[in-house]
Structure formats: C-alpha cells, structure tokens
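This report walks through the architecture of one protein, beginning with its sheet and ending with the surroundings of its ligand. Please keep the structure in view while reading.

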Amino acid sequence: MKLAGKVAIVTGAARGIGRASAVLFAKEGARVTVADIRAEMGRETISMIENAGGEASFALTDVSKEDQVKKTVDETVGRWGRVDILFNNAGYPQVKRVEETSEAEWDHLFAVNLKSIFFGVKYAVPIMRRQGGGVILNMGSISGLVGQLRTPGYVASKGAVVLLTKSLALDYGADHIRVNCLCPGITDTPAFREHISSSADPEALIRERQTRVPLGRFLTPEDVARAALYLVSDDSEGITGIAHLVDGGMLAAAEYSSAWL
Ligand SMILES: NC(=O)c1ccc[n+]([C@@H]2O[C@H](COP(=O)([O-])OP(=O)(O)OC[C@H]3O[C@@H](n4cnc5c(N)ncnc54)[C@H](O)[C@@H]3O)[C@@H](O)[C@H]2O)c1
C-alpha cells in the first residue's frame, strides 16, 4: 500500500474526482477526511471507503470560508494526530463571459477555486512542518495552462492555481513539504454532465468534444485519481512545483480533431 500510515484531507470529495481520489487514497492505506458542502453525498463517500475496509470521516466544509477550513484541519489532527496529505480539489467551472458575470459571481469563483488553497495551506503547513514534511496537491486544469472560450474567470482562477503551486513549492521545499498541481483534461464527472446537459444538443456536444481528445475518450475520475495518488505518494518524492497534465493528449496539439485522421 502506497499511503500506509498517512492522514489525508481531500476537499470536494463528495463526488467526482475528489470522491475517486478519497476512495483510492483510503484503499492505499490513508485515513481520509472527506471535506465538502454536500453532506449526504459526502457520507456516501465515507460508506464506500468503509465498505472497502478503509477509514474516513466526513467534515462539512465550505472551502471558501477560512474558519471552516481551519476547523477541518484542526479536527483531522484531533482525530488522527497528523496531516500528511492535503488535496485541494474542490472547485467549479463558470461558463460566462466577463460582461455577463457579476462581481459576486467572480469573487465566489475565486474564493472556491483559489482562496481555498490559501486557507488550506495556511493551516496545514505548520502541522506538516512540525511533523517533518508533507504533500500538498492543488487542483488546476488544462484551462489553467491555455485559454478557453467563454470561461475567463475559470481560466484565470486555474492559471493562478498553477503559479501559486510553483511559488508554494519554493517557500516550503526546505521544510520537506512538496507542492504540486494536477491539470486534468475533460473528465466525465457530475459537474461535466451538468455542463453538457445545459447545452442545446448534449449528444452532439459529447461527440464533438471527444474528437478533440487524441486518446479518443474522456478521462474517468479514476484516471485522474491515479495521477493524484502518484503525486501524493513517495513514488513522486523527487517532484515539487510541477503542473502535471492528465489530459488524454489534448495539450499535445495547438489544434487537433480525430475527424482529420
Ligand atoms: N471534470 C473536468 O473535466 C475537470 C477538468 C479539469 C479540472 N477539473 C477540476 O477538478 C475539480 C473537481 O471537479 P469535478 O469535475 O470532480 O466536479 P464535481 O462538481 O463533480 O465535484 C466537485 C465537488 O466539490 C464540491 N464543492 C464545490 N464547492 C465547494 C465548496 N465551496 N466547498 C467544499 N466543497 C465544494 C462539490 O460539492 C463536489 O462534491 C474542480 O476543481 C474542477 O475545476 C475538472
């Protein structure tokens, strides 16, 4: 088991990539705090972990609120005595041009996608330093590395996650705290399905999107979770400050369509 004896906090773990990661980390021996605003689905994640013989606890946490993030870190330390892994995964897309976006919508997006990482790091780092090290993984996106239509706030928030990650890696490397960032491509999660279902022709959109992926399929939450496991385990112990793509090859090209093959 790759995470035996470790304690992990995974935010946004009630569904999607966060859930798949929490379940995989627990299978690999970690005790996991599942932090999310969705209590019922969060408890389902706990049941999945417990049914597979793992150990986990749910923490109702809005990651955009400093006091709630602090409480979740404190409770994790109170329960299990340490925090080895912080996966700042919670986030959401916002499909709106700038002139359609209110200030409150912009601020909330940045609070959930970016400021949450500031809060998590602020409260986890002193514990990791005291323990002699730890691993922080932040959720970026391919949309943090290149521009994308109609999502300026999302792209800006994920771009900031990439550079925040690199900066944190420099600040905490001497404390043996590694900080990396995961940049998935199109991943078939509940958030993705909600996005697709709001379009005029969901099936046509799915077919069109798939032609853009050199591997010819969307990623599964488990594909991304396995990359997360690599970055939080000792398998990547020489790695800090990177933005790790898991994108089915999308960013290998400036332009690509399987229709051109
Ligand atoms: N699905 C994709 O194609 C894709 C691609 C690149 C990056 N990402 C990123 O991966 C992460 C997970 O995305 P997903 O597709 O699994 O989404 P999802 O909506 O399926 O799951 C996200 C989880 O985060 C939780 N969450 C949202 N706001 C929160 C808050 N304020 N506090 C605590 N929890 C909160 C939700 O309740 C949900 O359980 C996000 O950061 C997203 O931007 C997703």
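## The central sheet

In this predicted model, seven strands form an open sheet in the order E3-E2-E1-E4-E5-E6-E7, and their pairing is parallel. Strand E3 (55-60) and strand E7 (243-246) lie at the edges with a single partner strand each, so one side of each has no neighbour in the sheet. On average, and with direction ignored, neighbouring strands of this sheet are turned by 20° against each other. As general background, the strands of a sheet pair through backbone hydrogen bonds, in either a parallel or an antiparallel manner.

One pairing can be followed in detail: strand E4 (residues 85-88) and strand E5 (residues 134-139) run parallel and are joined by four bridges. Within this part of the sheet, Asn 88 stands opposite Asn 138 in E5.

## Helices on the sheet

Helix H2 (residues 39-51) packs on the sheet, where it touches strand E2 (31-36) and E3, and its direction makes about 175° with that of E3. Helix H8 (residues 221-232) lies across E4, E5, strand E6 (177-184) and E7, and runs at about 165° to E6.

## Helices packed on one another

Two packed helices are described by the angle between their axes and by the distance between those axes. For helix H3 (residues 66-80) and helix H4 (residues 103-131), the axes come within 9 Å and cross at roughly 30°. Because angles under 35 degrees count as roughly parallel, H3 is roughly parallel to H4. H3 passes H4 in a right-handed crossing, and the residues in contact include Val 69, Val 73 and Val 77 of H3 and Phe 119, Tyr 123 and Ile 127 of H4. The residues of this contact of H3 with H4 divide into seven nonpolar, two polar and two charged.

The axes of H4 and helix H5 (residues 152-172) also come within 9 Å, and they cross at roughly 15°; H4 and H5 are therefore roughly parallel to each other. Their crossing is right-handed, and among the residues that make the contact are Trp 106, Leu 109 and Phe 110 of H4 together with Tyr 154, Leu 164 and Leu 168 of H5. By class, the contact of H4 with H5 has 13 nonpolar, three polar and one charged residues.

## Around the ligand

Which residues come nearest to the ligand? Of the 29 residues around the ligand, these are Gly 12, Gly 16, Gly 91, Thr 189 and Ala 191. Helix H1 (16-27) and helix H6 (190-197) each supply at least two residues of the shell, and the shell as a whole divides into 14 nonpolar, eleven polar and four charged residues.

Conventions:
Residues are numbered from 1 along each chain as its sequence is written. This is a predicted model: local features need pLDDT of at least 70, side-chain atom pairs count only at pLDDT 80 or more; totals for chains, interfaces and linings use all residues. A residue is near a molecule or strand if its C-beta atom, placed from the backbone, lies within 6 Å of it. Ala, Val, Leu, Ile, Met, Phe, Trp, Tyr, Cys and Pro count as nonpolar, Asp, Glu, Lys and Arg as charged, and the others, Gly among them, as polar. Two strands pair if DSSP finds at least two bridges between them. Axes are lines fitted to C-alpha atoms, for helices over the stretch in contact, and angles run from 0 to 180 degrees between N-to-C directions. Two residues are in contact if their C-beta atoms, placed from the backbone, lie within 7 Å. Angles under 35 degrees count as roughly parallel, over 145 as roughly antiparallel, 65 to 115 as roughly perpendicular and the rest as oblique. A crossing is left-handed if the near helix is turned anticlockwise from the far one by less than a right angle, and right-handed if clockwise.
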